[in-house]
Amino acid sequence: MLFFASIVAMETGSQENEMSWLVFGFSQIFIGILVGALMGYLSGRLFLYTESKKISSTIYEGIGVLALTGTSYLMATLMGGNGFISAFVAGLAFGNSVKGHCRFIYQFTESEGQMLIWSSFVIIGLGLLPSAIEHLTFPIVGYILVSIFIVRPLAIYLSLIGTKAKTLTKVFMGFFGPRGLATALFALIISKDILGEYGHSILIVAINAVWMSTLIHGIAAAPMANWYGAKIKVLKIKSRELAKLKKQK
């Protein structure tokens, strides 16, 4: 998203700034990735060492995860990279380093992590939602609905091709897949730093998409989950019966 947004800015800006926008796009992505990967890996090794020596506790390890996130963001930003990409990659590298060892991570994401996500939604809602709703139009609503019900499910479905997931599971994951916070964050980044005159329109669409997605998926979550569970149960029974028939033959 950052790279293609930089290309848009390059095409609409002056010729003198074309190369600078291209460099900006590359530096935002690759510096963020490098800083995040290094921070996440080193932090993971440090966490494993302190746990093996029993010189840490779950309370301070949780604080350490927050420190890793903030430090990765700040380091990448100071070096000219994207802080959000850095924090995300740091989480991937950290999780891969401590995989199967530090149980506090899973507890943290289920408790404090959820609280931080909800807080982010509240802050975004208070600061940006009133203005976004004022500029909501029927074309924007149509575009958002197409994105929620067709574009995003199709993208996630295609990304799952080659996995062992059933078709029903791919469709279900496509509808309830990644959404919400990332949309708002990326819109804030590109609208502030890159797209200029187009930034306001992008931000309006993104924030309205977030609240509409939250409402639609929130209402559909319980009935759809029950429906999916019942369907999967039937499919498992049928597959067992087919397996028995094959054995008998």
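**Close-up views of an all-helix predicted model**

**View 1. Lys-247 counts as exposed, at 73% relative accessibility.** Exposed means over 50% relative accessible area, so Lys-247 clears that mark. Lys-247 is found in helix 10, which spans residues 199-248. The model shown is predicted. On its surface, Lys-247 gathers with Lys-166, Lys-236, Arg-240 and Lys-244 in a patch of positive charge.

**View 2. The chain as a whole is built from helices.** Its secondary structure comes to 10 helices and 0 strands. Read along the sequence, the pattern runs α-α-α-α-α-α-α-α-α-α. The chain has 249 residues, and 34% of them count as buried. Mean pLDDT for the chain is 79. A value of 70 or more is reached by 78% of the residues. Confidence is lowest in helix 1, residues 2-12, with a mean of 65. Confidence is highest in helix 7, residues 138-159, with a mean of 90.

**View 3. Five residues make a nonpolar patch on the surface.** They are Leu-145, Val-146, Phe-149, Ile-150 and Val-151. The patch covers about 420 Å². Val-146 has its place in helix 7. This is the helix where confidence is highest in the chain. Val-146 has a relative accessible area of 41%. Buried means under 20% and exposed over 50%, so Val-146 is partly exposed.

**View 4. Phe-94 is buried in helix 4.** Helix 4 covers residues 83-97. The relative accessible area of Phe-94 is 5%. The cut-off for buried is under 20%, so Phe-94 falls in that class. Gly-44 is 50 residues away from Phe-94 along the chain. In space, the C-alpha atoms of Phe-94 and Gly-44 are separated by 4.8 Å.

**View 5. Ile-232 counts as buried, at 13% relative accessibility.** Buried means under 20% relative accessible area, so Ile-232 qualifies. Ile-232 is found in helix 10. Lys-247, which counts as exposed, is found in helix 10 too. Ile-232 pairs here with Thr-169, 63 residues apart in sequence. C-alpha to C-alpha, Ile-232 and Thr-169 are 8.4 Å apart in space.

**View 6. Leu-188 counts as partly exposed, at 31% relative accessibility.** That value lies between the limits for buried, under 20%, and exposed, over 50%, so Leu-188 is placed in the class between them. Leu-188 is found in helix 9, residues 181-193. Ile-202 is 14 residues away from Leu-188 along the chain. The C-alpha atoms of Leu-188 and Ile-202 are separated by 8.9 Å.

Terms used
Residues numbered from 1 in each chain as written. Predicted model: local features only at pLDDT ≥ 70, side-chain atom pairs only at ≥ 80, totals over all residues. Heavy atoms only, no water. pLDDT = per-residue confidence, 0-100. Helix = DSSP H or I, 4+ residues; strand = E, 2+ residues; numbered from the N terminus. Patch = residues over 30% accessible without salt bridge, like charges linked within 9 Å, V, L, I, M, F, W, Y side chains within 5 Å. Areas by Shrake-Rupley, 256 points an atom, 1.4 Å probe, with all protein chains shown as cover. Salt bridge = Lys/Arg side-chain N within 4 Å of Asp/Glu carboxyl O. Buried < 20%, exposed > 50% of the residue type's maximum accessible area, 1.4 Å probe, protein only. Lys, Arg positive; Asp, Glu negative; His and termini not counted. Charge placed at Lys NZ, Arg CZ, Asp CG, Glu CD.
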